[in-house]
Amino acid sequence: MEKIPIGEIQPNPLNPRTIKKSEFEKLKQSIRDFPEMLEVRPLVLDDKNQVIGGNMRLKALQALGFTEVPILRANNFTPEQIKKFVLLDNANFGDWNASELAN
């Protein structure tokens, strides 16, 4: 992991996700409340500094005025692996356990 200036990071134009304004505000608040989470769940970039994991977090970090962010590099991924990573990183495989969340 390393930290780089946020201005060096490029969003992924092929990002399959969108976010509603209300959800974006929740994402920003979660980063305000617990910025340390970024250290263990950094943005994932390819070798050209393009995001392959964390596009919405990048937008939130930009909106919050962050100047430097933690990243992981996926330098050894093939183009096909990058495409797969983008899709799988954005997939929701599980469901929330409502009773656990209530507690």
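Here are a few exercises with worked solutions on the structure above, which is a predicted model.

**Exercise 1. Get your bearings: work out how many helices and strands the protein has, and in what order they come.**

Start with the count. The secondary structure comes to 5 helices and 4 strands.

Next, walk along the sequence. The elements follow the pattern β-α-α-β-β-α-β-α-α.

Now for the overall dimensions. The C-alpha trace spans about 40 × 30 × 25 Å along its principal axes.

Last, check the burial. Of the 103 residues in the protein, 31% are buried.

**Exercise 2. Take strand 4 and find which strands it pairs with, and in which sense, parallel or antiparallel.**

Begin with strand 1, residues 2-5. This strand pairs with strand 4 (residues 68-73) in the antiparallel sense, over 4 bridges. For a spot to look at, pick Lys-3: its bridge partner in strand 4 is Pro-70.

Then move to strand 2, residues 43-45. Strand 2 and strand 4 run parallel and are joined by 3 bridges. Here the place to look is Leu-43, which stands opposite Ile-71 in strand 4.

Put the two together: strand 4 is antiparallel to strand 1 and parallel to strand 2.

**Exercise 3. Look down helix 1 and decide which residues are buried, and where the exposed ones sit.**

First, the helix itself. Helix 1 covers residues 21-33. Its 13 residues reach 18 Å from the first C-alpha to the last, close to the 18 Å expected at 1.5 Å a residue.

Second, list the buried residues: Phe-24, Leu-27, Lys-28 and Ile-31. They lie on the same side of helix 1, because they cover an arc of only 95° around the axis.

Third, turn to the other face. Away from the buried side, helix 1 carries the exposed residues Lys-26 and Asp-33.

One entry in the buried list may catch your eye: Lys-28. Buried means under 20% relative accessible area, and Lys-28 comes in at 12%, so Lys-28 counts as buried. The next exercise picks up its partner.

**Exercise 4. Find the salt bridges within helix 1 that involve Lys-26 and Lys-28, and compare how exposed the partners are.**

A general reminder to start: side chains of opposite charge can pair when their charged atoms come close.

Take Lys-26. Its partner is Glu-23, with the closest N and O atoms 3.3 Å apart. Why is the spacing along the helix handy here? Glu-23 and Lys-26 are 3 residues apart in helix 1, which means about one helical turn separates them. Glu-23 is partly exposed, at 37% relative accessible area, while Lys-26 is exposed, at 54%.

Now Lys-28. Its side chain meets that of Glu-25 in a salt bridge, 3.3 Å from N to O. Again the two are 3 residues apart in helix 1, so about one helical turn lies between them. Glu-25 is partly exposed, with 34% relative accessible area, whereas Lys-28 is buried at 12%.

These two pairs are among the 5 salt bridges that the structure holds.

**Exercise 5. Follow the chain from Asp-47 to Val-51 and say which of the residues discussed are buried and which are exposed.**

Step one is Asp-47 and Lys-48. Their side chains meet in a salt bridge, 4.0 Å from N to O. Asp-47 counts as exposed at 52% relative accessibility, and Lys-48 is exposed too, at 65%.

Step two is Asn-49, in the loop between strand 2 and strand 3 (51-53). Its phi is near 65°, a positive value in a residue other than glycine. Asn-49 is buried, with a relative accessible area of 14%.

Step three is Val-51, which is found in strand 3. Val-51 is buried, with a relative accessible area of 0%. For a sense of distance, Val-51 and Ala-102 are 51 residues apart in sequence and 33 Å apart in space, C-alpha to C-alpha.

**Exercise 6. Pick out the nonpolar surface patch that includes Met-37 and say what it is made of.**

Name the members first: Phe-34, Met-37 and Val-40. Together they have about 300 Å² of accessible area.

Then place Met-37, which sits in helix 2, residues 37-40. Met-37 is partly exposed, with a relative accessible area of 30%.

Conventions
Residues numbered from 1 in each chain as written. Predicted model: local features only at pLDDT ≥ 70, side-chain atom pairs only at ≥ 80, totals over all residues. Heavy atoms only, no water. Patch = residues over 30% accessible without salt bridge, like charges linked within 9 Å, V, L, I, M, F, W, Y side chains within 5 Å. Areas by Shrake-Rupley, 256 points an atom, 1.4 Å probe, with all protein chains shown as cover. Buried < 20%, exposed > 50% of the residue type's maximum accessible area, 1.4 Å probe, protein only. Pairing = 2+ DSSP bridges. Expected span 1.5 Å × (residues − 1). Arc of directions from axis to C-beta.
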